[in-house]
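Reader: I have just opened this entry and would welcome a friendly tour. Could you walk me through it, please?

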Amino acid sequence: MLEAPTERRSDPRALRYIVDHLPPGTTIKRQLLIVNRTDQARRVDVYPAAATLEGAAFRFGEGRAENELTSWVTLDERSVQLEPWAEARVRATITVPPTASRGERYGVVWASTASTPRAGGEITQVHRVGVRMYLDIGPGGEPASDFSIGEVLPARSPEGEPSMTVQVTNTGGRAIDLTGAVTLADGPAGSRAGPFPVGQGVTLAPGASGQVVARFPAALPNGPWKAEVNLESGLVKRSITAQITFPDPGQVGKRGSVVSRIFSGWTVAAAVAGLLLIVGLAMLARRSRRSRRSGRPPAGRPRERVPAGR
């Protein structure tokens with residue numbers, strides 16, 4: 001991806017994928033860079049194909065499978081010839097029909113190349129890489145993105161590898177791609193470990209739930225530990241801290257008890273603003289009570305003058 005909407009340039013997802021909210025009748029253009037990272041000349045085919053969200057994952061359609069979104073996509077080049085280590089730019093134009101219904105669509109713009117069969121061989125390998133498309137269609141503003149972190153469950157494999165499964169629910173109106181890490185603290189003798197990345201590849205549709213998994217070294221003690229879970233999707237970040245203890249090999253431990261949920265981003269700003277408002281109202285009410293008791297008007301308010309002769 002070489003382009004992103006101006007209002008999304010701080011969003012990591014918009015720098016990797018085509019992510020946008022578009023009213024019906026809108027046209028957008030995105031420029032893609034294709035690079036030949038081999039020492040052989042390559043013919044690269046470029047085309048859109050269908051995708052879906054199933055089983056907490058972004059699923060690619062078979063071959064050049066089509067859907068509604070792919071019919072909206074045109075490319076200024078359908079194939080490019082690249083010399084070794086050369087690159088080319090391709091522009092994708094997405095035109096949303098005026099009659100398009102509300103909802104989010106998914107697809108991929110693929111760059112695909114086939115390898116030359118070896119001498120005497122009949123098998124041709126096809127290699128392709130792509131840029132995902134997440135397009136939400138509808139009038140008005142974009143649905144908010146959000147998610148919540150649920151229970152955490154520690155376990156150990158029969159080989160002794162500890163892991164922790166984290167339940168996540170998409171509570172917003174856009175699909176989310178989850179990344180993040182887990183840090184362990186306050187372990188035996190005050191030990192600390194991590195951060196350990198969570199496995200990637202978990203994509204949740206609005207309203208869907210799924211799990212991310214973090215894996216740890218086999219030598220890690222059972223604990224107890226204080227696990228800090230930090231997850232994000234684009235600009236949305238959520239964190240919790242839970243108390244966990246890993247079980248013996250081949251067993252699943254008890255659910256971790258959540259110690260705290262950490263505010264982040266706009267949530268913190270809203271909480272601080274709300275707290276300041278409450279404090280301000282309390283101070284105003286206290287000042288008003290004092291004024292009534294003393295018979296004086298509140299500070300900053302002029303005393304009413306009574307005309308003479310009354």
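Reader: Is strand 8 largely enclosed or largely open, and how many of its residues are buried?

Author: Happy to help, and please keep in mind that this is a predicted model. A residue counts as buried when its relative accessible area is under 20%. Strand 8 is largely enclosed by the rest of the structure, because the number of its 12 residues that are buried is 10.

Reader: Which strands pair with strand 8?

Author: Strand 3 (residues 42–54) pairs with strand 8 in the antiparallel sense over six bridges, and there D45 has S112 as its bridge partner. Antiparallel pairing over 12 bridges also joins strand 8 to another strand, where W110 stands opposite G130. The strands you asked for are thus strand 3 and strand 9 (residues 126–137).

Reader: How are the rings of F60 and W110 arranged?

Author: The whole structure holds eight aromatic pairs. In this one, the ring centres of F60 and W110 are 5.1 Å apart. Planes over 60 degrees apart count as edge-to-face. The planes of F60 and W110 stand at 70°, so the pair is edge-to-face.

Reader: Is W110 buried or exposed?

Author: F60, its ring partner, is partly exposed at a relative accessible area of 41%. For W110 the relative accessible area is 6%, and because the limit for burial is under 20%, W110 is buried.

Reader: Which residue lies over the face of W110?

Author: Ring pairs place W110 in a cluster with Y17, F58, F60, Y106 and Y134. Over the face of W110, at 3.9 Å from the ring centre, lies R128.

Technical notes
Residues are numbered from 1 along each chain as its sequence is written. This is a predicted model: local features need pLDDT of at least 70, side-chain atom pairs count only at pLDDT 80 or more; totals for chains, interfaces and linings use all residues. Side-chain values use heavy atoms; hydrogens and water are left out. Rings of Phe, Tyr and Trp (its six-membered ring) pair if their centres lie within 6.5 Å; planes under 30 degrees apart count as stacked, over 60 as edge-to-face and the rest as tilted. Buried means under 20% relative accessible area, exposed over 50%, partly exposed in between (1.4 Å probe, protein chains only). A charge sits over a ring if NZ of Lys or CZ of Arg is within 6 Å of the ring centre and within 35 degrees of the ring normal. Helices (H or I, at least four residues) and strands (E, at least two) are DSSP runs, numbered from the N terminus. Two strands pair if DSSP finds at least two bridges between them.
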